[in-house]
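This report covers the empty spaces and the ligand site of one protein model. The sequence and the structure come next.

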Amino acid sequence: MRSRIIGTGRGIPPHKLTNADLEKMVDTSDAWIVERTGIKERRVLDKSLATSDLATEAGLAACRNAGVDPATVDCIVLATVTPDVPFPATAVYVQKKLGAKAGGAAFDISAACAGFIYGLAIADGFIARGQFQRILVIGVEILSRIVDWKDRNTCVLFGDGAGAVLLAPEKDETRGILSTHIYSDGTYADLLNIPVGGTRAPISAEAIEARQHLVKMNGREVYKHAVRNMAAASKAALEANGVSPDQVAWVIAHQANIRIIEGVSERVGIPLDRFYLNIEKYGNTSSASVPIALDEAVENGKIKAGDLLVFSALGGGFAWGSALIRW
Ligand code: ACO
């Protein structure tokens, strides 16, 4: 049985942090940020709220748009690197807040910016086996709580947000998720990480003083791998289905950096005007970026029934992947 996305939703915090605001916080400029990344502003979640609050907002919107009662959601797969608490899973808080089926399944996965694609792959497998009937796949990040607001190399890039899709079985074999492709390579694990706070290096006063509990990144290396691997994963999705680049209506790529997306466009041979772009408004929202962009594209009427879509993302791990969808 194929799975199909029957509803999409997003949760976007109202508070905007502009490049002009950042100019007052670190030694940077609007011109530098726009030229190197394409980002003009990003959103920051109010301190009184947590990851599960924003995820629930996105999940409820996806259910509403699908015309599905949240009480019938029997599985929640939630991708995040910024959970409410180390455990239990943020997904169980969402299950409760949403009023999803008690005794269904709800769990988190960790694949950084590729988390939503990983979640889609897992959920697609559950539907193929007939294990669940209504699965919410949520990508959600409150990156404002883990970025180093004193480090101009990273703090200008990230933002908060949540995106969700509701998956259901689809009898029409020509529609829905046609294939998913996920990859990782731990050789590069230390190029984008938070060095302390786990079992290898538990949190300590010294670590906090050295700001080791916050995001560290080798931007140059991440950039190279993102272009190469997102392009390769997108091509793998096309090849697996015998689809040529000109048949693709929209690419919903991870919104990390406009130059990364331009590089992927060139390598895959799909013009940039067929990539949905919203990076200037939200920055890099990690696992939330693909489902947020998808929800906006659906809402704006850009995606039509029968359209072929490519999803693609890369993030810490490195973990990356793609999916081909017939809408
Ligand atoms: N404002 C002003 N100057 C800055 C800033 C800033 N915010 N950040 C860095 N610079 C400076 C650097 O210090 C450096 O100065 P120097 O030459 O005096 O040393 C100069 O700008 C150039 O720095 P580079 O790192 O060479 O700049 P680059 O063109 O590589 O752009 C960037 C940096 C934007 C981080 C780029 O490498 C990139 O986008 N990498 C991908 C990172 C990414 O998207 N990560 C997100 C997580 S993973 C993912 O989602 C794919």
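For the classes used below, Ala, Val, Leu, Ile, Met, Phe, Trp, Tyr, Cys and Pro count as nonpolar, Asp, Glu, Lys and Arg as charged, and the others, Gly among them, as polar. The model is predicted.

**Cavity**

The structure holds 1 cavity of 30 Å³ or more, and the space in the largest cavity comes to about 30 Å³. Its lining consists of Arg42, Arg43, Val44, Leu143, Ser144, Val147, Trp149, Phe158, Gly159 and Asp160. Sorted by class, that lining has 5 nonpolar, 2 polar and 3 charged residues.

**Pockets**

The largest pocket has a volume of about 1,200 Å³. Its lining is made up of 37 residues, and Val81, Thr82, Ser110, Ile146 and Ile194 lie nearest its centre. The largest pocket lies between domain 1 (2-174) and domain 2 (177-326), because both domains give residues to its lining.

The second largest pocket holds about 630 Å³ of space. It is lined by 27 residues, with Asn153, Leu157, Met217, Gly219 and Asn257 closest to its centre. The second largest pocket also has lining residues from both domain 1 (2-174) and domain 2 (177-326), so it lies between them. At least two lining residues come from each of helix H2 (30-37), helix H6 (152-155), helix H8 (219-240) and helix H9 (258-268). H8 gives the largest share of this lining, 6 residues.

The linings break down by class as follows.

| Space | Nonpolar | Polar | Charged |
|---|---|---|---|
| Largest pocket | 21 residues | 12 residues | 4 residues |
| Second largest pocket | 14 residues | 8 residues | 5 residues |
| Largest cavity | 5 residues | 2 residues | 3 residues |

**Ligand site**

Which residues are the closest to the ligand? They are Thr28, Arg36, Arg220, His254 and Asn257, and 23 residues surround the ligand. Asn257 is also one of the residues closest to the centre of the second largest pocket.

Polar contacts to the ligand involve both side-chain and backbone atoms. A polar atom in the side chain of Arg36 is 2.6 Å from a ligand oxygen atom. The side chain of Asn284 places an N or O atom 2.9 Å from an oxygen atom of the ligand. At Arg152, a polar backbone atom lies 2.9 Å from a nitrogen atom of the ligand. The ligand taken alone exposes 1,000 Å², of which the protein buries 77%.

Key
Residues are numbered from 1 along each chain as its sequence is written. This is a predicted model: local features need pLDDT of at least 70, side-chain atom pairs count only at pLDDT 80 or more; totals for chains, interfaces and linings use all residues. Side-chain values use heavy atoms; hydrogens and water are left out. On a 1 Å grid over the protein atoms alone, a cavity is a set of points where a 1.4 Å probe fits but cannot get out, and a pocket is an open set with protein on both sides within 12 Å along at least five of seven lines; lining residues have an atom within 4 Å of a point. Grid points are joined across faces, edges and corners, and a volume is the space filled by probe spheres set on the points. Domain bounds come from an automatic or database domain assignment. Helices (H or I, at least four residues) and strands (E, at least two) are DSSP runs, numbered from the N terminus. A residue is near a molecule or strand if one of its heavy atoms lies within 4 Å of it. A polar contact is a pair of N or O atoms within 3.5 Å; within protein, one must be able to donate a hydrogen and the other to accept it, and residues adjacent in sequence count only if both atoms are side-chain atoms. Accessible areas come from the Shrake-Rupley method with a 1.4 Å probe; for residues, only the protein chains shown count as cover.
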